[in-house]
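Here is a short report for a reader who is meeting this structure for the first time. Please keep the sequence and the 3D view at hand while reading.

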Amino acid sequence: MRVLITGSSGQIGTNLALRLIGDGHDVFGVDKRRNPWTGEFDYLLQDLAGHYPAFAGGIGGVEYPEVDVVVHMAAHAKVHQLVRQPHRALENAIMTFNVLEYCRELGLPLVFSSTREVYGDVHRFEEYAEEAADFAYTESPYSASKITSEAFIYSYARCYGLDYLVFRFSNVYGRYDNDLWRMERVLPLFMHQLSRGEPITIFGGDQKVLDFTYVDDCVDGIARGVYSLAERRISNKTVNLAYGQGNTLVRAAELIAGELGVEPQIHRAPSLLGEVTHYVADVTKARELLGWEPETPLSDGIPRSVAWFREWRAAHPEEDRPFERTRSVAEIEHGFKQPTPARA
């Protein structure tokens, strides 16, 4: 099988590519940045957010190799950055549109990476089944961009016969997620700060409950979906991929500290603007459709993640330096401010 992965330099994209290659398939990637983790597959450096005219062989006039299925993961995924810079949310929708046009032109099936953010933060359910998403409760421009992308996909299925699978992920962690200076993820940030003996801030405090998904479980679900979709065994489904159990962010931090052998200094603060503060997935559909079963609880995933963090940090000691939050997050922590208009 020949698989195109957009966002192939990200955490999930990299792990998925290596899984598919290990299964004997060919992978071609597209990303706007170089892959810092591996050189095991070919990829093209391209920003998919441009307003490109239709082009039969690829996107934006760039010729791609022939493929059998597309996995679209490319997106601006910093919730707080998109609160500050909402035009990036629009770019997410444009990326999806460009990929959809490419798939429509060549009749290719599409696997799309969505998010638990589409369920909002209304505390209506203990476990969220796929039908529970209510777009009226959109929390941020990022979640709006994913909702928009899902709507485009559903419309292409109805109007053009597109075969698709939409996966909604939740707090994926593990290998290849330590690029903090590009993507501020909470668990790698805690590992970085706690390993340096620095205090950490937990926004939402003890009330923040999330469904953490170890990357191998996530990738196994996606791979099963890719194979099922390409073989036309399953199509046109929206599926949660998560562990299916809630954990507080405080517990996650304590597990990391225990693995690092440090006493955590935890500061609790109110949740940030646009954040989802409570989510536990209902993964029944993934089990029934894909024969998939998550295998890695947080208590097992954190030790694996810390072990990888230590290995990576030993090989990259230059990253052992104070971490500075992005301007957007720093502003949100102290109350969101509109940008000051430039003077003529």
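The report below covers the sheet, its helices, the aromatic pairs, two loops and the empty spaces.

## The model and its sheet

This is a predicted model. Start with the sheet. Seven strands build an open sheet, and their pairing is parallel. Read across, the order is β3-β2-β1-β6-β7-β8-β13. Two strands sit at the edges: β3 (42-45) and β13 (237-241). Each of these edge strands pairs on one side only. From one strand to the next, the twist averages 20°.

Take one pairing in detail. Strand β6 covers residues 69-72, and strand β7 covers residues 110-115. The two pair in the parallel sense over three bridges. His-72 has its bridge partner in β7, and that partner is Phe-112.

## Helices on the sheet

Which strands does α3 touch where it packs on the sheet? They are β1 (2-6), β6 and β7. The direction of α3 makes about 175° with that of β6.

Helix α6, residues 215-230, also packs on the sheet. Its contacts are with β1, β6, β7, β8 (164-169) and β13. Here the angle is taken against β8: the direction of α6 makes about 170° with the direction of that strand.

## Aromatic pairs

How many aromatic pairs are there? The count comes to 13. Consider Tyr-154 and Tyr-164. Their ring centres are 5.5 Å apart. Their planes stand at 50°, so the pair is tilted.

The pair links distant parts of the chain. Tyr-154 belongs to helix α4 (residues 141-160), while Tyr-164 belongs to strand β8. The two tyrosines are ten residues apart.

## Two loop residues with positive phi

Asn-171 is in the loop between β8 and β9 (172-173). Its phi is near 45°. That is a positive value in a residue other than glycine.

Tyr-176 comes in the loop between β9 and α5. Phi of Tyr-176 is near 65°. This value too is positive, and Tyr-176 is not a glycine.

## The second largest pocket

Now for the empty spaces. Rolling a probe the size of a water molecule over the atoms shows where empty space is left.

The second largest pocket has a volume of about 160 Å³. It is lined by 13 residues. Pro-53, Ala-54, Phe-55, Glu-101 and Tyr-102 are the closest to its centre. Two elements give two or more residues to this lining: β4 (58-59) and α3 (87-106). The helix α3 gives the most, with six residues. By class, the pocket lining has seven nonpolar, three polar and three charged residues. The α3 that supplies this lining also packs on the sheet.

## The one cavity

How many cavities of 30 Å³ or more does a search of the whole structure find? The search finds one. The largest cavity has a volume of about 30 Å³.

Its lining is made up of Gly-174, Asp-177, Asn-178, Pro-188, Met-191, Ser-305, Trp-308 and Phe-309. Both α5 (186-195) and α9 (298-315) supply at least two residues of this lining. Which of the elements gives the most? That is α9, with three residues. Four residues of the cavity lining are nonpolar, three are polar and one is charged.

Key
Residues numbered from 1 in each chain as written. Predicted model: local features only at pLDDT ≥ 70, side-chain atom pairs only at ≥ 80, totals over all residues. Heavy atoms only, no water. 1 Å grid on protein atoms, 1.4 Å probe; cavity = no way out; pocket = protein on both sides within 12 Å on 5 of 7 lines; lining within 4 Å. Points joined across faces, edges and corners; volume = space filled by probe spheres on them. Helix = DSSP H or I, 4+ residues; strand = E, 2+ residues; numbered from the N terminus. Nonpolar A, V, L, I, M, F, W, Y, C, P; charged D, E, K, R; others polar. Pairing = 2+ DSSP bridges. Axes fitted to C-alpha atoms, helices over the stretch in contact; angles between N-to-C directions. Contact = heavy atoms within 4.5 Å. Phe/Tyr/Trp six-rings, centres within 6.5 Å; stacked < 30°, edge-to-face > 60°.
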